[in-house]
Amino acid sequence: MAEIGDNTQGAEASAAVDAYYARRRSVGFRSLLLLVPVAVILAVLRFPMLGFDLVLGAACGLGNMWLIMRNNERLLAGRRSRGVYGLVNVVRILGIGIVPVFSAVTGPWWSMGVALAGFFTPLVLYGLALRQEYSTG
């Protein structure tokens, strides 16, 4: 007969998962709060395509971040093999990574940098939120 053990480890894991989902939602919201006003300012200051490139990059960055997380969750839960995991990551990188190149084609060459800034902003904000959470304990 199996012994009934302490259930605190399960509670800690549940709290960590809840914090993970809350962090994921808050980073998406903060990314939009940061990037949409900047994109509007860019669009008003005679650069409407740069504003669009920033929003497009942010949308791709958020989608990329959420797809990475979902793919990792499935791998860790055992619902995805390593081969499929790698294939999904390659398709994701190729599919989302081509968007900044389209920005450079439709505007000045440096508009690709604006799209990439929007793309990496959610990942940077997630890293900062995680760092703050770890430092506060």
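In this predicted model, R24 has a relative accessible area of 19% and is therefore buried, since the cut-off for that class is under 20%. R24 makes a good starting point for a walk through the charged contacts of the structure, which holds three salt bridges.

The partner of R24 is E73, and the closest N and O atoms of this salt bridge lie 3.0 Å apart. The contact joins distant parts of the chain, as E73 belongs to helix α2 and R24 to helix α1, with their positions 49 residues apart. E73 has a relative accessibility of 15%, so this residue also counts as buried.

E73 has another partner as well. Its side chain meets that of R70 in a salt bridge, with an N to O distance of 3.5 Å. Here the link is a local one along helix α2: R70 and E73 are three residues apart, and therefore about one helical turn separates them. R70 is partly exposed, because its relative accessible area is 35%. Through shared partners, the salt bridges join R24, R70 and E73 into one network.

Helix α2 itself, which carries R70 and E73, covers residues 48–77. For its 30 residues, a rise of 1.5 Å a residue leads to an expected span of 44 Å, and the end C-alpha atoms are 43 Å apart, so the two values agree. Just after this helix comes G78, whose phi is positive, at about 80 degrees.

The remaining contact to describe involves E133 and R23, whose side chains meet in a salt bridge at 2.9 Å from N to O. This pair, too, links distant parts of the chain: E133 sits in helix α5 (residues 111–136) and R23 in helix α1 (residues 8–44), 110 residues apart. What is the accessibility class of each partner, buried or partly exposed? R23 counts as buried because its relative accessibility is 8%. E133, on the other hand, has a relative accessibility of 30% and so counts as partly exposed.

Taken together, the contacts tie helix α1 to helix α2 through R24 and E73, and helix α1 to helix α5 through R23 and E133.

Conventions
Residues are numbered from 1 along each chain as its sequence is written. This is a predicted model: local features need pLDDT of at least 70, side-chain atom pairs count only at pLDDT 80 or more; totals for chains, interfaces and linings use all residues. Side-chain values use heavy atoms; hydrogens and water are left out. Helices (H or I, at least four residues) and strands (E, at least two) are DSSP runs, numbered from the N terminus. The expected span of a helix is 1.5 Å times one less than its number of residues. A salt bridge is a side-chain nitrogen of Lys or Arg within 4 Å of a carboxyl oxygen of Asp or Glu. Buried means under 20% relative accessible area, exposed over 50%, partly exposed in between (1.4 Å probe, protein chains only).
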